[in-house]
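I opened the notebook to record what I looked up, going from one strand outward to the whole chain.

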Amino acid sequence: MIERCIEPIKGVKKARIGLYIIGHPTYWEQFEGLYDRLLGYGEFVQGKLNKWGQVYNYGMVDSRDKSEKAAEWFNEKNIDLLICYAGTYAMSADHIAIPQICKKPVIVLNLQPAASINYDHTSTGEWLAHCGACCVPEISNAFERTGIDFHVVSGLLGLEKTPNISIADEVTCDHPDAIAAWEEIEEWVRAVSVVRTLQYSKMGFLGHTYPGMLDMYSDFTMIQGQTGMHVEVMEMCDLAELIDTVTEEEKKVKMEQVNDMFIISEDSPADPLAKKPTEEQLDWSCTVAVAQEKMVEKFDLDALTYYYRSLDGNEYMHIQEGFILGHSLLTAKGIPCSGEGDMKTAIAMKICDILNVGGSFCEIVVGDFNDQTILLGHDGPFHINISDGKPTLRGLGLYHGKKGSGISVEATVKKGDITTLGITQTRKGNLKMIVSEGVATNGPIMKIGNTMTPIKFDLGPREFMNKWFAQAPTHHCAMSIGKNSSLFEKVAKLMNIEYELIC
């Protein structure tokens, strides 16, 4: 199963699923009990789906009239995904109106109740309860030719008990072909929850994009059009106003949280810029962190991207010196924050968060061609929920490539499988996912106040980087825990954006 963070992310909207069973009406009078038997299978499917989404089960659709009524009912329920359980042979004309009217993707379930039938004693009626696959080619042909977005999941139903009517052994819950099928179905439902959640989400854009980073620039209307996210443009004065409201008690509570979640570093043995945080730096970072939480609440934000290049010594320069701690805390709470105004990577981080697999802000730190790994990380923010142990807070005398000084997070992602998710923009203005799976190793890292994790990919650094760069990525990506490429691919299909797997 897919690895998850410890706590589910708040604000994730469950997918709304329209479920229906299909069959041939001529059979009902010919074969006693078949109709109810298929409805029972449909109720079992509903029970499984209820774990991941909100299910609306219309029941049997076996005529054109019923399909039209079912479609209207599903539209009333504002469903995100149609699931068609192929119970037995069904004519495609009897149910094709559902996706034509609803205009939602369809997952066709080709799930056989028994691993094998009782060949010596099976009657025609018994066989028909197991022959759902015979209509799936017809469905595929009809859906393809009419432009319906569909995907087929084949395997076993996974029952835990054989129905009394059956003469075959239908207990297949532990069969690999049932387990694999339901893992795939779960991925589809979780993926469509991403689509639904993004459509109701608000992205904060604080300040501006880092000047000169052409890969970061994106059109807000394009973001709205392709993800459904509203972009809330904010000014530094919005945050400055809230800083003035922070009380000593609020700072004290935040400091207690920081001491619980982080290790406060001593001076770095290697970098003279990286030192033990001063009391003043900690106090200011906690002040800003409280204000950042208030800003998220005030503007009802679900994600945030930020950067501000200020004049030396002005108020806003001092505010941005305290950004990284608070933005890491927000990221851990399911409000992903991306630096340098990288809105596309904030979307990638949000997708990871909705799927509860992390999503930490990364770029290439350095390659290790002896160890055949690539260090991925950044000076923050970091997703604390996927940290390998407590992260460390370091004081920095100078933010590299940026103005000011302050506190940064030094941390490593959990050892084991990871998946990076990058979102870039193509020449035509379309979003595109670039995905790679690797393993977080126990290799050495620098102690300079940056997050960094050594990642080993199957291809090796030279070949991996060549393939990655050929896809024209942004220079940031989100790092998630677990093997998630199949899950991300389903999200891309449902969002109708391009997908490229590197390794």
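I began with Leu376, which stands opposite Thr453 in strand 18. Leu376 belongs to the stretch of strand 13 (residues 373-378), and strands 13 and 18 pair in the antiparallel sense over five bridges; I took strands and helices as DSSP runs numbered from the N terminus (E, at least two residues, for strands; H or I, at least four, for helices), and two strands as paired if DSSP finds at least two bridges between them.

I noted that the model is predicted, that local features need pLDDT of at least 70 and side-chain atom pairs pLDDT 80 or more, and that totals for chains, interfaces and linings use all residues. Residues are numbered from 1 along each chain as its sequence is written, and side-chain values use heavy atoms, with hydrogens and water left out.

Next I looked up the other pairing of strand 18 that I had listed: strand 17 (residues 431-440) runs antiparallel to strand 18 and is joined to it by two bridges, with Ala440 as the bridge partner of Ile455. Strand 18 itself (residues 451-456) is mostly covered, since five of its six residues are buried, where buried means under 20% relative accessible area with a 1.4 Å probe, protein chains only.

Strand 17 led me to a cavity. I used a 1 Å grid over the protein atoms alone, a cavity being a set of points where a 1.4 Å probe fits but cannot get out, and lining residues having an atom within 4 Å of a point. The search of the whole structure finds four cavities of 30 Å³ or more, and the second largest holds about 70 Å³, a volume being the space filled by probe spheres set on the points, which are joined across faces, edges and corners. Strand 17 gives the most to the lining of this second largest cavity, with three residues, and the lining includes Ile434, Val435, Ser436, Phe464 and Trp468.

I then turned to helix 16 (residues 485-495), where eight of the 11 residues are buried, among them Phe488, Lys490 and Met495. Asn496 follows helix 16 and has a positive phi, near 60°.

Last, I looked at the whole protein chain, which has 16 helices and 20 strands and of whose 503 residues 57% are buried. Its radius of gyration is 26 Å, which agrees with the value near 23 Å for a compact globule of 503 residues, the radius being taken over C-alpha atoms and the globule rule being 2.2 Å times the number of residues to the power 0.38.

Technical notes
Buried means under 20% relative accessible area, exposed over 50%, partly exposed in between (1.4 Å probe, protein chains only). On a 1 Å grid over the protein atoms alone, a cavity is a set of points where a 1.4 Å probe fits but cannot get out, and a pocket is an open set with protein on both sides within 12 Å along at least five of seven lines; lining residues have an atom within 4 Å of a point.
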